[in-house]
Amino acid sequence: MDCLLWFYICKPACRCYRGLNKVSGLNVLYTTPVCMYSFVLDVMCTLIQSITLMSEKVTQMMEWASKRSVIRMNGDKFRRFVKAPPRNYSVVIMFTALQPQRQCGVCKQADEEFQVLANSWRYSSAFTNKVFFAAVDFDEGSDVFQMLSMNSAPTFLHFPSKGKPRKTDTYELQVRGFAAEQLARWVADRTDVQIRVIRPPNYAGPLLLGFLLAVIGGLAYLRRHNLEFLFNKNVWAFSALCFVLIMTSGQMWNHIRGPPYAHKNPSTGQVSYIHGSSQAQFVAETHIVLLFNAAVTLGMVLLCEAATSDIDIGKRKIMCVAGIGLVMLFFSWLLSVFRAKYHGYPYSFLMT
């Protein structure tokens, strides 16, 4: 208020001195200090107001972050605390659709990973007001989706403290997946803030492994007088085949990247189980490929058994026809999936 008062006092004085200058013919240098003083006061007042507003915004964001690691935002909050200047902090926002009627299973999975990342930052010793994590739900901020011309969820965007978001400020979800570790690397690239992801303890894996070892140990104990099954080539062949199918279907890639199970377009409601790019995949896609590979393998096994087995000739013919059918049908589907991911691939079989 003091700055504004001085400004309005000095501004008329500036005009008055300019008038005297015209009448008396005084040198313009005599009027310059008053006008310059008015200009400096104007700049100072604007700067003080900007600093005060920025401080209020940071204080409010810190208060919200102390209650929830991921700040819930609607259209008004987004425009005031993210879009409107001044702002000396970055905001990483997840645009999602978590309401049950949206039926976005991927959004729930991405939200869990985003919560892990935000909690890891909020409760770390390095926490500052340099970066905040927020979320905009479609049903609470549909105007924000329209403002940004956004038609899919989940989507992660980084709004830097200065300037407008660039292309690299949009997270490549389809390529990198939504695992908290991948998001942390992206945040570090965009903000220079290193976040060590700390997950809550998950005992499901150790318990499952312990149960499996207990079952194997129990069977070995019950069959301790007859361990010939350990030397059964069919058992080892089946185990090796299962391992090969799991690895070739892309399960290890899923474990490293953490991709979504599938993708649902919130605008059309269409669910995609096959990723359209050769650089990424969905979890459902690996299950489909595993099933197709297993069916082709089963067909090959039936053909081998039909050629070498000593069973009735009629059964061998049935096994041969079934094997040929499985190989032709599922290999054709595998090839169609390959064509869908590698655009321009010229070859097809049975179906395009």
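User: What makes the largest nonpolar core here a core, and how many residues has it?

Analyst: That core has 26 residues, and those with the most contacts inside it are F114, L117, F133, F156 and I195. The name goes to a set of buried Ala, Val, Leu, Ile, Met, Phe, Trp, Tyr and Cys residues joined through side-chain atoms within 4.5 Å. Buried means under 20% relative accessible area, with exposed over 50% and partly exposed in between (1.4 Å probe, protein chains only). Keep in mind that this is a predicted model, where local features need pLDDT of at least 70 and side-chain atom pairs count only at pLDDT 80 or more, while totals for chains, interfaces and linings use all residues. Residues are numbered from 1 along each chain as its sequence is written, and side-chain values use heavy atoms, leaving out hydrogens and water.

User: Which elements give two or more residues to this core?

Analyst: They are β2 (90–96), α4 (105–122), β3 (131–137) and α7 (180–191). α4 gives the most, with seven residues. Helices (H or I, at least four residues) and strands (E, at least two) are DSSP runs, numbered from the N terminus.

User: How do you know what F133 is in contact with?

Analyst: Contact means heavy atoms within 4.5 Å. Leaving aside neighbours within four places in sequence, F133 meets that cut-off with S69, V70, I71, V92, F114, L117, A118, W121, V187 and I195.

User: Why is E113 called buried?

Analyst: E113 has 16% relative accessibility, so it counts as buried. You'll find E113 in helix α4.

User: What makes the link between E113 and R199 a polar contact?

Analyst: A polar contact is a pair of N or O atoms within 3.5 Å; within protein, one must be able to donate a hydrogen and the other to accept it, and residues adjacent in sequence count only if both atoms are side-chain atoms. The side chains of E113 and R199 make such a contact at 2.6 Å. On top of that, the backbone nitrogen of A180 lies 2.8 Å from a polar atom of the E113 side chain.

User: Why does E285 count as buried, too?

Analyst: Its relative accessibility is 4%, so E285 counts as buried. E285 is found in helix α11 (residues 283–308). Not counting residues up to four places away in sequence, E285 touches Y273, I274, H275, A280 and K341.
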